[in-house]
Amino acid sequence: MRHLLAGYDLSRDRLYGHVTTHKGRVEFLAFCRYLRSLYPPEVRIAIVLDNFSPHLSTHRDRRVGDRAAANNVELAYVPFYASWLNRIEAQFTALRYFALDGTDHPTHKEQARMIRRYIAWRNRHTDNRRLREIVDRAKVA
């Protein structure tokens, strides 16, 4: 089993992702540190979170909120049963279409490589007509 931790920058139209073997709080916080490193410290960033359990643990663990506040990060949660409000969901539709549908990768390593290749391609071809059609069709919010 592999998991994709992903971030989407609306202003730059860029997708970021890490494929991990485990998707817990440790991996989530490491990915948050990575996202924070992409921008100067004075730029406030907001990370939109769904209701996945490692995200929800940030409510119970003050260290996470304190770290976010100290690093100019806002954690914003979508309502329960409303993941469609998160703009990254349309990006996942395109990822499935271009990198996963109709494939049978022989190993997790090969699948992760295809996902990373797709993300690199997607960020270089944000104006690709087919990509835009798929993302626009999948957008709800």
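Helices and strands are taken here as DSSP runs, of at least four residues for a helix and at least two for a strand, and they are numbered from the N terminus. With that naming in hand, and keeping in mind that this is a predicted model, the reader can start from the second largest pocket, where β1, α4 and α5 each supply at least two residues of the lining.

This second largest pocket holds about 200 Å³ of space. Its lining consists of Arg2, His3, Leu4, Val19, Phe92, Leu95, Arg96, Leu100, Gln111, Ala112 and Ile115. The most comes from α4, which gives four residues, and by class the lining divides into seven nonpolar, two polar and two charged residues.

Helix α4 is worth following further, and its packing against other helices comes next. Two packed helices are described by the angle between their axes and by the distance between those axes. Helix α4, which covers residues 88-100, packs with helix α5, residues 108-124, at an angle of about 120°, and the two axes are 10 Å apart. Angles from 65 to 115 degrees count as roughly perpendicular and those over 145 as roughly antiparallel, so α4 is oblique to α5. The crossing in which α4 passes α5 is right-handed. On the α4 side the contact is made by Gln91, Ala94, Leu95, Phe98, Ala99 and Leu100, while α5 brings Gln111, Met114, Ile115, Tyr118, Ile119, Trp121 and Arg122. Sorted by class, the residues of this contact of α4 with α5 are ten nonpolar, two polar and one charged. Leu95 and Leu100 of α4, together with Gln111 and Ile115 of α5, take part in this contact and are also among the residues that line the second largest pocket.

Helix α4 also packs with helix α6, residues 129-138, at an angle of about 135° and with the axes 8 Å apart, which means that α4 is oblique to α6. Here again α4 passes its partner α6 in a right-handed crossing. The contact is formed by Ala90, Gln91, Thr93, Ala94, Tyr97 and Phe98 of α4, and by Arg130, Leu131, Arg132, Ile134, Val135 and Ala138 of α6. The residues of the contact of α4 with α6 divide into eight nonpolar, two polar and two charged. Gln91, Ala94 and Phe98 of α4 appear in the contact with α6 and also in the contact with α5.

The path ends at the largest pocket, which has a volume of about 720 Å³. Of the 30 residues that line this pocket, Ala6, Gly7, Tyr8, Ile47 and Val48 lie nearest its centre. The elements giving two or more residues to its lining are β1 (3-9), α1 (25-37), β3 (45-49) and α4, and the largest share, six residues, comes from β1. By class, the lining of the largest pocket has 21 nonpolar, four polar and five charged residues.

Note on methods:
Residues are numbered from 1 along each chain as its sequence is written. This is a predicted model: local features need pLDDT of at least 70, side-chain atom pairs count only at pLDDT 80 or more; totals for chains, interfaces and linings use all residues. Side-chain values use heavy atoms; hydrogens and water are left out. Axes are lines fitted to C-alpha atoms, for helices over the stretch in contact, and angles run from 0 to 180 degrees between N-to-C directions. Angles under 35 degrees count as roughly parallel, over 145 as roughly antiparallel, 65 to 115 as roughly perpendicular and the rest as oblique. A crossing is left-handed if the near helix is turned anticlockwise from the far one by less than a right angle, and right-handed if clockwise. Contact means heavy atoms within 4.5 Å. Ala, Val, Leu, Ile, Met, Phe, Trp, Tyr, Cys and Pro count as nonpolar, Asp, Glu, Lys and Arg as charged, and the others, Gly among them, as polar. On a 1 Å grid over the protein atoms alone, a cavity is a set of points where a 1.4 Å probe fits but cannot get out, and a pocket is an open set with protein on both sides within 12 Å along at least five of seven lines; lining residues have an atom within 4 Å of a point. Grid points are joined across faces, edges and corners, and a volume is the space filled by probe spheres set on the points.
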